[in-house]
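Please explain how this structure is put together, beginning with its sheet and moving outward to the helices and one of the loops.

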Amino acid sequence: MTEVAWDRMKAQELRALAEKNAVVIIPVASIEQHGPHLPVMVDTRLGQEIAHRAARKAGDARPVVVTPVMWAGLSEHHMPFGGTLTLSHETFRMVLRDLVLAITRHGFRDILISNSHGGNIIACQQFIDEMAPQIDATLVFTCYPMEAQEEYAAILEDQETMQHACEAETSMMMALEPELVDTSELDKIAQNAGGPKFLKAGKAGYRWRPFAHVTANGLAGNPARSSAEKGERLIEIGAEAVAALIRDPETWAAPDDLRGEGTGGVPFRR
Ligand SMILES: [Zn+2]
């Protein structure tokens with residue numbers, strides 16, 4: 001199996017990958033409560049698996065290397081249920097910034113931030129908005145359940161989208177870490193949390209709330225119809241969706257410059 005893990009390689013191997021213009025994936029995740037039946041590592045474990053499989057799949061097109069998972073994320077909304085470790089927004093951005101700068105100093109130019117935790121989404125997009133115009137590298141962000149949304153909706157029986165400690169996450173953990181999943185009460189712990197309504201106000205307003213606002217036991221969704229077989233399919237499809245993003249030349253292409261004669265202002269990265 002092709003090695004894709006940054007931390008398992010030797011320095012000269014990573015120098016060679018930079019020479020070959022390899023894509024670098026930084027998986028970002030969380031350590032946070034995942035209901036009464038799943039361990040707190042879910043987002044970190046799944047994010048790592050998806051990134052490694054995506055890197056191997058896309059590796060036929062161009063080399064891809066995966067840094068260790070940035071396991072500390074933004075999980076304040078899960079703190080009330082215990083077991084959760086969280087960073088401040090400022091620290092999260094600074095860690096991500098310093099990792100990106102270290103990676104670009106080695107000569108890598110195409111970096112994918114591959115996220116597996118909903119609470120990190122806004123911060124990652126904000127980070128890219130701020131950072132991309134300042135560095136000589138292309139930063140791309142995705143979340144695998146969104147990248148594979150259409151396929152996931154067709155497979156999942158009780159939900160359309162990824163929720164939390166739900167049919168999808170429980171299935172994938174059954175496939176990867178079966179001894180860590182407590183299946184004794186899976187048919188009794190469903191919580192109809194109604195998607196992300198805990199972050200909504202009015203028709204289009206946004207407000208922060210803790211996850212305890214919408215769930216009694218920390219999960220959102222119904223893990224009753226979870227299975228390892230379904231989990232393996234979800235992981236493979238999620239990894240293939242991320243690999244397709246990496247393979248697509250448009251993902252990394254320089255922005256067009258449609259400025260006409262006499263309309264040029266400041267230069268930007270080509
Ligand atoms: Zn999760």
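**From the sheet to the helices**

In this predicted model, strand β1 (residues 23-28) runs parallel to β3, and six bridges join the two. At V28, the bridge partner in β3 is N115. Strand β3 itself spans residues 110-115 and is mostly covered, with five of its six residues buried.

Strand β3 also pairs with strand β4 (residues 138-143), again in the parallel sense and over six bridges. Within this pairing, I111 stands opposite L139 of β4. N115, the partner of V28, has C143 as its bridge partner in β4. The connection between these two strands involves helix α4 (residues 121-131): β3, α4 and β4 together make a right-handed β-α-β unit.

Which strands make up the sheet, and in what order? Four strands form an open sheet with parallel pairing, and the order is β2-β1-β3-β4. Strands β2 (64-66) and β4 stand at the edges; each has a single partner strand, so one side of each is left without a neighbour in the sheet. On average, neighbouring strands of this sheet are turned by 25 degrees against each other, direction ignored.

Two helices that pack on this sheet can now be added. Helix α2 (residues 42-58) touches β1, β2 and β3, and its direction makes about 165 degrees with that of β2. Helix α4, already met in the β-α-β unit, touches β1, β3 and β4. The direction of α4 makes about 170 degrees with that of β4.

The next subject is a pair of helices. In general, two packed helices are described by the angle between their axes and the distance between the axes. The axes of helix α7 (residues 167-176) and helix α8 (residues 228-247) come within 7 Å and cross at roughly 100 degrees. Because angles of 65 to 115 degrees count as roughly perpendicular, α7 is described as roughly perpendicular to α8. On the α7 side, the contact is made by A168, S171, M172, M173, M174 and A175; on the α8 side, it is made by A228, K230, G231, E232, L234 and I235. By class, this contact of α7 with α8 has eight nonpolar, two polar and two charged residues.

Is α7 largely enclosed or left open by the rest of the structure? Nine of its 10 residues are buried, so α7 is largely enclosed. The buried residues are E167, A168, E169, T170, S171, M172, M173, M174 and A175. What covers them includes α2, α6 (149-155) and α8. Helix α2 thus appears in two settings: α2 packs on the sheet, and α2 is also among the elements covering buried residues of α7.

A last stop is a residue outside the helices and strands. T84 is found in the loop between β2 and α3 (89-105). Why does T84 count as buried? The cut-off is 20 or more other C-beta atoms within 10 Å, and T84 counts as buried because it has 20 C-beta neighbours inside that distance. Leaving aside neighbours within four places in sequence, T84 is in contact with I31, E32, Q33, V40, S75, H78 and M79. Of these contacts, V40 is 44 residues from T84 in sequence, yet the two C-alpha atoms are 7.2 Å apart in space.

How values were computed. Residues are numbered from 1 along each chain as its sequence is written. This is a predicted model: local features need pLDDT of at least 70, side-chain atom pairs count only at pLDDT 80 or more; totals for chains, interfaces and linings use all residues. A residue is buried if 20 or more other C-beta atoms lie within 10 Å of its own, exposed if 12 or fewer, and partly exposed in between; C-beta atoms are placed from the backbone. Two strands pair if DSSP finds at least two bridges between them. A crossover is right-handed if, with the strands pointing away from the viewer, the path from the first strand over the helix to the second runs clockwise. Axes are lines fitted to C-alpha atoms, for helices over the stretch in contact, and angles run from 0 to 180 degrees between N-to-C directions. Two residues are in contact if their C-beta atoms, placed from the backbone, lie within 7 Å. Angles under 35 degrees count as roughly parallel, over 145 as roughly antiparallel, 65 to 115 as roughly perpendicular and the rest as oblique. Ala, Val, Leu, Ile, Met, Phe, Trp, Tyr, Cys and Pro count as nonpolar, Asp, Glu, Lys and Arg as charged, and the others, Gly among them, as polar.
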